[in-house]
Every structure is written in structure tokens, then in C-alpha cells.
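Please read this report alongside the sequence and the model, and look up each part in the viewer as it comes up.

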Amino acid sequence: MNVTVFGTGYVGLVQAAVLAEAGNKVVCIDIDTKKVERLKQGVIPIYEPGLEPMVNNSVSSGNLSFSTEAAFGVEHGELIFIAVGTPPDEDGSADLRHVLTVAATIAQFMESKKYIINKSTVPVGTADKVRATVESELSKRNRSDLPFDIISNPEFLKEGSALNDCMRPDRIIIGTSEADSEQKLRHLYAPFNRNHEKILVMDVKSAELTKYAANCMLATKISFMNEMANIADKVGADIEAVRKGIGSDPRVGYQFIYAGIGYGGSCFPKDVKALISSAQQMGIAADILAAVESRNERQKHYLVEKILSHFNGDIQDKTFALWGLSFKPNTDDMREAPSRILLTRLWERGAKVRAFDPEALTECQRIFGDREDLALCESKNDALQGADALIVATEWQQFKSLDLNEVKGALSTAVVFDGRNQYEPGEMRDAGFDYYCVGRPDTRSSV
Ligand code: UDX
């Protein structure tokens, strides 16, 4: 099928690559000339395992191309995806400016029926606004005769496993009331709907709300566990034992109940805030979501409090090795990453940081620039050299196994602050470490 994707951000680029790989003719449109030029040269602006070869293969086969020419994009695609950003406004609500600009652009250039598919995460009611925008632009052209439909088709991809999530989705949600649109999307998604039925067709508003409800539910699970971890601290329980204890009940399940130093990324923080803001505008008190959000903000400071307490409030001129900058493993994304709070608070108190991350060093450099109190290190071992303690902020695979002797030899004092509960407290104690983690009894080898 002929498909156009507006927006070459995370969602748009992955969607385009996967649809092109499945044999569709896909054109990606973006207003960012530099980005488009680089994409044409095979330079992928984000780190996502497998994305670069997939994009480049499809570009070579002629199934995928990039352009800044909106008119060309509108002419090409019978199915047109809107996958542009919806950054948070000051009050946390989603800013729809880009989505509505694309809607207007489609209406300005369309000459035949278009299936306009919302892929961006947008508040309930956005499809109505997109529809109104298209209608108004068509009427300005005296072309109200041109047919179109607005379909909500939210994405559920996770950074780091985006291609797999897109090619082997748990569910494909199609929000439309038109049989014709349903058929088009069923056809488009047929290659990804093998083995068992994954397509769920529903009305547009339910599809829009499903996206928020899914992310907010997952964020709620995390904040709940983080709150339990704080309680575990006070009562001397071990959150890891509690996790297994409750996860074994299939109604709770094992996934997304890991306590840590808070969720980050481009989705959870933004979507929780946006749904709170939508609820408030409708006069609904979003009690649960407000608590999810405030627990998460608090949780990002959790490790700093433990660090300050260990050093009796004085970390002036101390040096910390920081493993992990990205908000989670397998991405270079540092948006809303807990590491940012850690860095800022350590610097505020006069500490220095030697940081290592397998992918996010460039991003860290872009965000914080050159600073005397930040050394970006080439390896996890390099980061440790001479540091007063190790902090683990992201559970990258390569941090999971700790060479205790090596770490001890490199650090000036054997202290580890683990924000992701990666190591066994007993083993750490036996090896002579002071070991602090989340919701588990701290082990001080010296006491
Ligand atoms: C999320 C959703 O999972 C995905 O379905 C949606 O489409 C976009 O938002 P993503 O932001 O890529 O995906 O990351 P995810 O793997 O969900 O992790 C989010 C954050 O939660 C990370 O900071 C992670 O460290 C944290 N997390 C996750 C926990 O703290 N504990 C857990 O048990 C799970």
C-alpha cells in the first residue's frame, strides 16, 4: 500500500521502517531539512537496535524514502500517519500544534480520499479536532466533497525493543467507526497479525484513551512498588522478596513491579501529566495519577538521600562513579532520566562525577556540555578509578555482573549505591562493601 508518515521521530521512523520492510511504499515527511538530508544518507538520529539496517535496506530497495515536500507526501499516501511530537505545555497538557498543522497540510493538498491515522499520543477528543481542522481547510478550498476518515491507531512500542514491539505487537488498536477504514488498516497490518488475532477495533475515543490508560497503569505499578520500597525500608523488609511474593499472583503478575529510582523516558512522565491535566480540565480530580506522579518525582531523589546520609551530609569534593545515564537500558535517551536529578544534586553539593553509559555519553555531553565536575568515561572500569563510591542508575546488562575485586580495587572506598537492585546485599557485605539499594536493608560492612 502507499503510505505516508508525517514526523521522523521515534514513533514515525520505526513505524515507517517496519511498514516499508513489510513491502509497502512508504514516504516519510519531516520539516527538519537537516534531519531529512541525514536520513537520506543513512544516518539515523536515534539509537534503536536494528533500526539502522532496516531503514537502509528499505531505502535501497526503494520502499522507503524521505522528503520535506508535504505536497508530495500527501499525494503519495492513501494512508497518512500523523506521528509528530506532542510536547507537554506548561500545565502538562499535550501541545497539539504540530498534529493540527499536519492535519491542515493534508487538507491543503489532498485530491482523493485519505485515511488519516493518528499515531501520536494525543488526548481524548483530538481526532475530533483533527477532523474539524481538515473540514475547515477543505471548505476554504471549496473541496468539502473530498472524503476522508480520522483513525486513532496508538503505538505501544518500547524504546530499545521498538522494532520487535512493532513487528510482533501484543495488540493493534484501530479506533474508527467506518468499515472501510477498518478494512484498510486490517489489510495494512495483516503481516503483523499472524498466529492469533491481535486487532481490536473500537470507537475513536476509546482508542485514544486506551493509549493513556495503558501507560498510566504501568506507571502506577512502578510508583506503587516504589512506595512499598519506602515502607520496606522503614520496617526492615526486603522489597525484592515482596516483589516475588506478590508477582506470583497472576492477577498482579511479575512485570513492571521492580522498585527503583523512578521511571523516566519520553512517555510515562509526559502521559501521566497529560492525563492529570485532561482530567482537571474536565473537573475530575485525578487522585491516583497525581500520587503516581509525585511518588515518581520523590523517588528520583531516593538515592541522593542515602548518599548524603552515608557521607553525613558532606559530599564536597567527593568523586562518584556513575554507571548509567539513559532512563533505561538499550537506549541513549536521557529524557526525564533519574540520572539527571542525581547529577544535578551531586553537583549542587560540590561533588564530582565520573560517568559511563554504553550509549548515552554523547547525549549527556549535549545536555550538560563541558564541566569540570563531570568526566565522561570510556568504560565502566574507567569511571571507577579513584572514585569514593559507585552509583548504579540504569540496569544495563554489562553492569549486572560485578567484578567485586576490580570494583574494590578501583574505588578509594568500597561503597556502592544501587538504584536498580542489581546485586545481592549479602554478597556485597561479605565482599566488604557498604551497599545501599532500594527497599532492601542497607549493608554496612564496617558496622
Ligand atoms: C513505555 C511503555 O512501556 C510503552 O508501551 C509505551 O508505548 C511507551 O512508554 P518506554 O518509555 O520505552 O515505554 O520504557 P519502559 O520500558 O516502559 O520503561 C519506562 C520506565 O519505567 C523506565 O525508566 C524503567 O526504568 C522504569 N521501570 C520499568 C521501573 O522503574 N520498574 C519497572 O518494573 C519497569
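## Two residues with positive phi

Asn-330 has 19 other C-beta atoms within 10 Å, and because a residue counts as buried from 20 or more and as exposed at 12 or fewer, Asn-330 is partly exposed. The model is a predicted one, and in it Asn-330 has a positive phi of about 65° although it is not a glycine. Along the chain, Asn-330 belongs to the loop between β9 and α14.

Asp-317 is likewise not a glycine, and its phi is positive, at about 65°. This residue sits in the loop between α13 and β9, and because it has 11 C-beta neighbours inside 10 Å, Asp-317 counts as exposed.

## Helix α14 and its cover

Helix α14 covers residues 338-348, and its buried residues are Pro-338, Ser-339, Ile-341, Leu-342, Leu-343 and Leu-346. An α-helix has 3.6 residues a turn, so residues three or four places apart point the same way. When you look for what lies over the buried residues of α14, you will find that the cover includes α13 (302-310), together with the strands β9 (319-323), β10 (352-356) and β12 (389-392). After α14 comes Gly-350, which has a positive phi near 85°.

## The nonpolar core

The largest nonpolar core contains 124 residues, and those that touch the most other members are Ile-82, Ile-116, Leu-322, Leu-390 and Ile-391. Helix α9 (residues 204-235) gives the most to this core, contributing 10 residues.

Which residues does Ile-82 touch, not counting residues up to four places away in sequence? Its contacts include Phe-6 and Gly-7, then Val-99, Val-102 and Ala-103, and also a run of residues from Ile-116 through Ile-117, Asn-118 and Lys-119 to Ser-120.

## Three domains

The domain assignment divides the chain into domain 1 (2-201), domain 2 (212-298) and domain 3 (300-436). Taken over C-alpha atoms, the centres of domain 1 and domain 2 are separated by 30 Å. Where these two meet, 11 residues of domain 1 are in contact with 10 residues of domain 2, and the side that domain 1 contributes has 6 nonpolar, 3 polar and 2 charged residues.

The UniProt record, in an unreviewed entry, also places a feature named "domain: UDP-glucose/GDP-mannose dehydrogenase C-terminal" at residues 321-425. In the model, the C-alpha atoms at the two ends of residues 321-425 are 19 Å apart, and the span is 34% helix and 18% strand.

## Around the ligand

The ligand is surrounded by 19 residues, of which Glu-159, Tyr-258, Tyr-263, Gly-265 and Cys-267 are the closest. By class, the residues of this shell divide into 11 nonpolar, 4 polar and 4 charged, and the largest share, 3 residues, is supplied by α9. Why can the ligand shell be said to lie between domain 1 and domain 2? The reason is that domain 1 (2-201) and domain 2 (212-298) both give residues to the shell, so it lies between them.

## Residues marked as binding site

The unreviewed UniProt entry gives the feature "binding site" at Asp-30, Lys-35, Thr-86, Thr-121, Glu-159, Lys-270 and Arg-335. These residues are spread over 306 residues of sequence and are also spread in space, with up to 24.1 Å between C-alpha atoms.

Two of them can be followed in more detail, and they are Lys-35 and Glu-159. Lys-35 lies in helix α2 (residues 33-40), and because it has 18 C-beta neighbours inside 10 Å it counts as partly exposed; leaving aside residues up to four places away in sequence, Lys-35 touches Thr-8, Asp-30 and Pro-45. Glu-159, by contrast, is found in the loop between β6 (148-152) and α7 (162-167), and with 24 C-beta neighbours inside 10 Å it counts as buried. With the same neighbours in sequence left out, Glu-159 touches Glu-48, Gly-265, Thr-331 and Asp-333.

## A pair in and beyond helix α15

Gln-365 is part of helix α15 (residues 361-368), and with 14 other C-beta atoms within 10 Å it is partly exposed. Although Gln-365 and Leu-376 are 11 residues apart along the chain, their C-alpha atoms are separated by 7.9 Å.

Technical notes:
Residues are numbered from 1 along each chain as its sequence is written. This is a predicted model: local features need pLDDT of at least 70, side-chain atom pairs count only at pLDDT 80 or more; totals for chains, interfaces and linings use all residues. UniProt positions are given in the numbering used here, feature names are shortened, and annotations may be inferred rather than shown by experiment. Helices (H or I, at least four residues) and strands (E, at least two) are DSSP runs, numbered from the N terminus. Two residues are in contact if their C-beta atoms, placed from the backbone, lie within 7 Å. A nonpolar core is a set of buried Ala, Val, Leu, Ile, Met, Phe, Trp, Tyr and Cys residues joined through C-beta atoms within 7 Å. A residue is near a molecule or strand if its C-beta atom, placed from the backbone, lies within 6 Å of it. Ala, Val, Leu, Ile, Met, Phe, Trp, Tyr, Cys and Pro count as nonpolar, Asp, Glu, Lys and Arg as charged, and the others, Gly among them, as polar. Domain bounds come from an automatic or database domain assignment.
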